[in-house]
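Got the viewer open and a coffee within reach? Here's a walk through the chain, one selection at a time.

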Amino acid sequence: MMVEYILRLALLLPLLALLIWGSLRLTRYLQTRFVGLHGAGGAVELVETSLVAPGLKLAVVRFHDREILLGCSRAGLVRLGEAEARTTPAKSEQL
């Protein structure tokens with residue numbers, strides 16, 4: 001009885017690990033594919049994000065040669081400031 005349980009466990013654990021790994025790879029592939037579709041040629045570009053507190057982020061978005069500072073929370077977005085776009089783009093991060 002115990003040997004049968006161990007054999008099933010030895011078979012199902014690698015299968016479960018393979019399914020988890022596959023779903024993570026598929027999710028990463030689909031995210032990069034959808035970001036590529038929306039980000040290419042669009043007027044809005046995410047420049048940088050910064051986590052301030054759990055559920056609260058600051059984001060810099062480039063829109064028509066302007067950089068806009070946004071406060072992002074669960075309640076929504078708030079425009080905090082605006083400036084001319086820098087000549088060298090900063091490192092992009094996802095929201």
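Select Asp-65 to begin: this residue is exposed, with a relative accessible area of 59%. You'll find Asp-65 in the loop between β2 and β3. Check the backbone while you're there, since Asp-65 has a positive phi of about 60° although it is not a glycine. For background, most residues other than glycine have a negative phi. Keep in mind throughout that you're looking at a predicted model.

Now click on His-64, which is found in the loop between β2 and β3. His-64 has a positive phi too, near 50°, and is not a glycine either. Is His-64 buried or exposed? At 59% relative accessibility, His-64 counts as exposed.

**Zoom out for the whole chain**

Colour by secondary structure and you'll get 1 helix and 4 strands. Going along the sequence, the pattern reads α-β-β-β-β. The chain has 95 residues, and buried ones make up 12% of them. Switch on the surface and about 8,000 Å² is exposed, with carbon and sulfur atoms supplying 67% of that. As for long-range contacts, take those between residues at least 6 apart in sequence: 22% of them join residues at least 24 apart.

**Helix α1**

Select residues 2-39 to pick up helix α1. Next, highlight Met-2, Tyr-5, Ile-6, Leu-9, Leu-13, Leu-16, Ile-20 and Leu-24: together they form a nonpolar patch on the surface, with about 820 Å² of accessible area. In general, nonpolar side chains in soluble globular proteins tend to be buried together. Pick Ile-20 as a sample from the patch; this residue is partly exposed, with a relative accessible area of 47%.

Stay on the helix and show the side chains of Glu-4 and Arg-8. They form a salt bridge, with 2.9 Å between the closest N and O atoms. How many residues apart are Glu-4 and Arg-8 in helix α1? They are 4 residues apart, so about one helical turn separates them. Glu-4 counts as partly exposed at 41% relative accessibility, while Arg-8, at 52%, counts as exposed.

**The β1-β2 hairpin**

Move on to β1 and β2, which form a hairpin with 2 residues between them. Click on Gly-55 in the turn and you'll see a positive phi of about 85°. The two strands pair in the antiparallel sense over 8 bridges. To look at one pairing, select Glu-48 and then Val-60, its bridge partner in β2.

**A salt-bridge network**

The structure holds 7 salt bridges. As a general point, side chains of opposite charge can pair when their charged atoms come close. Select Glu-45 and Arg-62: these two form a salt bridge, with the closest N and O atoms 3.2 Å apart. Glu-45 lies in strand β1 (residues 44-53) and Arg-62 in strand β2 (residues 56-63), so the pair ties together parts that are 17 residues apart in sequence. Glu-45 counts as partly exposed at 34% relative accessibility.

Which residue's side chain meets that of Arg-62 in a salt bridge of 2.9 Å, N to O? Select Glu-67 and you have it. Here you're looking at charged partners under cover: Arg-62 counts as buried because its relative accessibility is 12%, and Glu-67, at 10%, counts as buried too. Add Arg-86 to the selection and the picture is complete: salt bridges that share partners join Glu-45, Arg-62, Glu-67 and Arg-86 into one network.

**Last stop, the nonpolar core**

Show Ala-59, Val-61, Ile-68, Leu-70 and Cys-72 as spheres. These 5 residues make up the largest nonpolar core. The elements giving two or more residues to this core are β2 and β3 (66-73). Which of the elements gives the most to this core? That's β3, with 3 residues.

Finish by centring on Leu-70 and listing its contacts. Leaving out residues up to four places away in sequence, Leu-70 touches Lys-57, Leu-58, Ala-59, Val-61, Val-78, Arg-79 and Leu-80. Among these, Ala-59 and Val-61 are also core residues.

Note on methods
Residues numbered from 1 in each chain as written. Predicted model: local features only at pLDDT ≥ 70, side-chain atom pairs only at ≥ 80, totals over all residues. Heavy atoms only, no water. Patch = residues over 30% accessible without salt bridge, like charges linked within 9 Å, V, L, I, M, F, W, Y side chains within 5 Å. Areas by Shrake-Rupley, 256 points an atom, 1.4 Å probe, with all protein chains shown as cover. Salt bridge = Lys/Arg side-chain N within 4 Å of Asp/Glu carboxyl O. Buried < 20%, exposed > 50% of the residue type's maximum accessible area, 1.4 Å probe, protein only. Pairing = 2+ DSSP bridges. Core = buried A, V, L, I, M, F, W, Y, C linked by side-chain atoms within 4.5 Å. Contact = heavy atoms within 4.5 Å.
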